[in-house]
Amino acid sequence: MYLTDEKVAVLGAAGAIGSNLVQTLLASGTANRIAMYDPFEKGLEGAAEEIYHCAFPKADVTWTAEAGEALTDAAYIITSGGAPRKEGMTREDLTRDNARIARQLGRDIKQHCPKCKFLLVIFNPADITGLIALVHSGLPPGRVSTLAGLDSTRLQSALAQHFNVRQDRVTGCKTYGGHGEQMAVFKSGTQVDGVPLEEILNGRTANSIGMTPDEWTDIQDRVRGGGARIIGLRGRSSFQSPAQQSVFMLRGVLGQPYEWPCGAYVNGEGFNHIMMAMPTTLSSEGVSWSMPGGTPEDLQALRDSYNHLVALRDQIVADGILPPLSRWKESNPNLD
């Protein structure tokens, strides 16, 4: 009935993303043995009670305010357990506090579940928090990923709305690099009703609708600010879409197709010691990445996004939350 009966630890489970994660894991038939963790014990108990009231068949759901208890023997970990983003904040405004949470997460994993098969980090800035957790956890880099596909689904949604077509009629949408305002929004490979976006930008139409370069720029800006737009509309950060995409990612590790980019530890092809969204494949071995194809403009945007992430990483090193790059292998022997 479920894709796995191995333990899945959901961290931040009292929050909106975390509680939706638990419900989606069960409702989608992905996992039935779930450990809910959150330091907010009263809220966590309430979230667990709601799950119990759903009466999912064969559900084995526990809750605890002790991180070690939740993590012990966990095969899979999905964590939204950072400070939430509020209106007027960028993802990167959360960096310092959430970086410390990510460091402790890595240390807890090393202590309680060093054989974890897959760690998915959601809380922002996910590229940096995922990288910190990886370095301190000791896990192989392919076993750690971050939520990145949400940016590509936002691109698909924005284009579908512009061209007035059903969302699945827009294909090949991809964003790479950082999960932030400096992400690289690719036009290469995207099609609307079978018409390449590059050709539309050169005068063709899709569903009798065209797109000017300025409109494309507006779409890119909308995608980069997609999270802020949700906060402005709903008064809180996204929770349904990140929960859904995260479960889809775990399903990818469990053998189901997953089409969107994922965050991966990248050390090669001119990108060094960084976590960022790339073309990826999910499998029982975790996440593997490859170089994207794209226009010179696309690839330059990727390079710019990488450079921005490097500056964030180096600041975290300067803050003492990450060791110097030359000492990463001391914390995690699996890193080059």
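A disulfide is counted here as a pair of cysteine sulfur atoms within 2.5 Å. All views below show a predicted model.

**View 1. Two cysteines, C113 and C116, that are not joined by a disulfide.** By the rule above, the structure has 0 disulfides. The sulfur of C113 has its closest cysteine sulfur in C116, at 5.1 Å, which is too far for a bond. C116 likewise takes part in no disulfide. C113 is buried, with 3% relative accessibility, and C116 is also buried, its relative accessible area being 3%.

**View 2. A patch of negative charge on the surface.** The residues E41, E45, E49, E66 and E69 gather in this patch. Helix α2, which spans residues 41-54, contributes the largest share, 3 residues. E41 lies in helix α2 and is partly exposed, with a relative accessible area of 45%.

**View 3. The salt bridge between D168 and R166.** This pair is shown from a structure that holds 10 salt bridges. The closest N and O atoms of D168 and R166 are 2.6 Å apart. D168 is partly exposed at 47% relative accessible area, whereas R166 counts as exposed at 57%.

**View 4. A salt bridge within helix α8, formed by R224 and D221.** Both residues belong to helix α8 (residues 213-224) and are 3 residues apart, about one turn of the helix. Their closest N and O atoms are 3.5 Å apart. R224 is buried, with a relative accessible area of 18%, while D221 is partly exposed at 44%.

**View 5. The salt bridge between R313 and D314.** Their side chains meet at 3.0 Å, N to O. R313 is buried at 6% relative accessible area, but D314 is partly exposed at 36%.

How values were computed: Residues are numbered from 1 along each chain as its sequence is written. This is a predicted model: local features need pLDDT of at least 70, side-chain atom pairs count only at pLDDT 80 or more; totals for chains, interfaces and linings use all residues. Side-chain values use heavy atoms; hydrogens and water are left out. Patches are made of residues with over 30% relative accessible area and no salt bridge: like charges are joined within 9 Å, nonpolar side chains (Val, Leu, Ile, Met, Phe, Trp, Tyr) within 5 Å. Accessible areas come from the Shrake-Rupley method with a 1.4 Å probe; for residues, only the protein chains shown count as cover. A salt bridge is a side-chain nitrogen of Lys or Arg within 4 Å of a carboxyl oxygen of Asp or Glu. Lys and Arg count as positive and Asp and Glu as negative; His and the chain ends are not counted. The place of a charge is taken as NZ of Lys, CZ of Arg, CG of Asp or CD of Glu. Helices (H or I, at least four residues) and strands (E, at least two) are DSSP runs, numbered from the N terminus. Buried means under 20% relative accessible area, exposed over 50%, partly exposed in between (1.4 Å probe, protein chains only).
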